[in-house]
Amino acid sequence: MANKRLKRQLLLRKLFNKRRLVILNEDTFEETFSLKLNLMNVFVVASVGAILIIFVTTYIIAFTPLREYIPGYASSKLKQEALEMAIKSDSLEKSVKINNAYIASIKKVLTGDLEYAKLNKDSIKALNAAELDLSELAPTEKEKELREQVIKEDKYNVFESSKPKVSFVLFPPAQGSILQKYNVGNKHLAVTIALTNNTPIKAVAAGTIIFSDWTPSSGYVVIVRHKDDILSVYKNAASVTKKQGNTVKSGEVIALAGNANTVQNSGATLHFELWKDGFPIDPTQFINFN
C-alpha cells in the first residue's frame, strides 16, 4: 500500500511540477518568449483543443455545404437531380405502359386477333363502373317526387325510352344496304355496307383520327378515336380526305367509297367496325344504316 501511495504522489508531482518553456534567439541566446506550465495544463489544453476540432468538424459536415468537398459526400444539388430523375423515370415508365396497352388495342383493331366477348349497349358503361354502396344512394322525398314527374312525362315517349345508354349519339357513316352483318362466330367483326362509287363516308361522332393510310388487305383504312375510348373503323375506302392527327366533327367526311379490292372486281363496300376497350361491338345496336 505504501508503494502505491508513493507512486501516486510521484505522478501527481510530475503532473503539477511547474516547467518553463523558453524560446531563445539562436544567434544571441536572448530569451524571446517563455511560458510557465505543467503536464496537467498541457493535457487539459490538448483535450479541449481535440474536443473543439471534433465539434467544428461535425458541424461543418452536418450543417454546411462545405461537406461537399469532403471525399465520400455527394452534393445536395446532385441528390436533388437524382431524385428528380427517379420521379421522371417512374412517370416515363407509366407512360410507356399506357402507350403499349393503347398500341396493343389498336393492333387488335387492325388484325382482329383477340378473344371475343359479347357486348351490348348496356354493357359499354358497365365495363368501367365501380362498385358502389347502395345504402348511401337511397332517394329523398324530393327525388322521389321528381322521378314520378319524369315517369309521367316520358310514359308514352317510346323514342326517348329506346335510346341506347351511351353518352353521345352515333350517326351512320353512310346509308346503304347491309351485305353482311356483324357475326363473332364467323369472325366477321364489321358490318359490310353496299355503296356506290365516291359515296362520302362520314365520321359517326366527333373525335381524333389515329390512323389514316392504305393497307394491302383492306384498302384505305381510317380509325377515329372518340370519347369513352370508343374506336370507329372504316375499311375498304377508295380514298381518304383526312390525315392522322386531324380532329373531326360528327358527320364530317373522312373518306370516299370505291372498289378498294385489287384482286376481285367487286362493287364499292364499306366495312365498318366499333370497338370499346379492345373488344368489338355490334354497330347495328347503335346505328341505323338503312
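Two strands count as paired here if DSSP finds at least two bridges between them. Keep that in mind, since most of this tour hops from strand to strand. One more thing before you click: this is a predicted model.

**Stop 1: β8 and its partners**

Select β8, residues 230–240. Eight of the 11 residues in this strand are buried, so β8 is mostly covered, with buried meaning under 20% relative accessible area. Now bring up β11, residues 269–276. β8 and β11 run antiparallel and share six bridges. To see one of them, pick S232 in β8 and look across to L274, its bridge partner in β11.

Stay on S232 and look for its other partner. Which residue is bridged to S232 from β7? That's V224, and β7 is joined to β8 by six bridges, again antiparallel. Next, add β10, residues 253–257. β10 pairs with β8 in the antiparallel sense too, over three bridges. A237 is a handy landmark for this pairing, as it stands opposite A257 in β10.

While side chains are on display, here is a general point for looking at any of these strands: in a regular strand the side chains alternate between the two faces of the sheet.

**Stop 2: the turn between β7 and β8**

Zoom in on the hairpin of β7 and β8, where three residues sit between the strands. Select D228: phi is positive here, near 65°. Then show the side chains of D229 and R225, which meet in a salt bridge at 2.9 Å, N to O. Are these two buried or exposed? Neither extreme applies: D229 is partly exposed at 40% relative accessibility, and R225 is partly exposed at 33%.

**Stop 3: back along β7 to β6**

Go to β7, residues 219–226, and colour β6 alongside; these two pair antiparallel over seven bridges. They make a hairpin as well, with three residues between them. V224 turns up again here, this time as the bridge partner of I209. You have already met V224 as the partner of S232 in β8, so to speak a stepping stone on this route.

Now select β6, residues 207–215, together with β9, residues 247–248. Two bridges join this antiparallel pair. In β6, pick T208 and find T247 standing opposite in β9.

**Stop 4: a link between two loops**

From β9, select E252 and K242. Their side chains meet in a salt bridge of 2.7 Å, N to O. The two residues are 10 apart and tie distant parts of the chain together: E252 is in the loop between β9 and β10, while K242 is in the loop between β8 and β9. E252 is partly exposed, with a relative accessible area of 24%.

**Stop 5: a salt bridge inside a helix**

How many salt bridges does the model have? The count is six. For another one, select D90 and K94, where the closest N and O atoms are 3.7 Å apart. Both residues belong to helix α3, residues 76–111, and are four residues apart, about one turn of the helix. D90 is partly exposed at 37% relative accessible area.

**Stop 6: two loops with positive phi**

If you have a Ramachandran plot to hand, highlight K187. This residue has a positive phi of about 60° although it is not a glycine. K187 is in the loop between β3 and β4, and is exposed at 62% relative accessible area. Then highlight D277, with a positive phi near 55°. D277 sits in the loop between β11 and β12 and is partly exposed at 34% relative accessibility.

**Stop 7: surface patches**

Switch to a surface view and select L21, I23, F33 and L35. Together they make a nonpolar patch of about 340 Å². β1 and β2 are the elements that each give two or more residues to this patch. I23 is in strand β1 and is partly exposed at 41%; L35 is in strand β2 and is partly exposed at 37%. For a distance check, the C-alpha atoms of I23 and S34 are 6.1 Å apart, although 11 residues separate them along the chain.

Finish with K4, R5, K7 and R8, which form a positive surface patch. K4 is found in helix α1, residues 2–16. K4 counts as exposed because its relative accessibility is 55%, and exposed means over 50%.

Definitions and conventions. Residues numbered from 1 in each chain as written. Predicted model: local features only at pLDDT ≥ 70, side-chain atom pairs only at ≥ 80, totals over all residues. Heavy atoms only, no water. Patch = residues over 30% accessible without salt bridge, like charges linked within 9 Å, V, L, I, M, F, W, Y side chains within 5 Å. Areas by Shrake-Rupley, 256 points an atom, 1.4 Å probe, with all protein chains shown as cover. Salt bridge = Lys/Arg side-chain N within 4 Å of Asp/Glu carboxyl O. Lys, Arg positive; Asp, Glu negative; His and termini not counted. Charge placed at Lys NZ, Arg CZ, Asp CG, Glu CD. Buried < 20%, exposed > 50% of the residue type's maximum accessible area, 1.4 Å probe, protein only.
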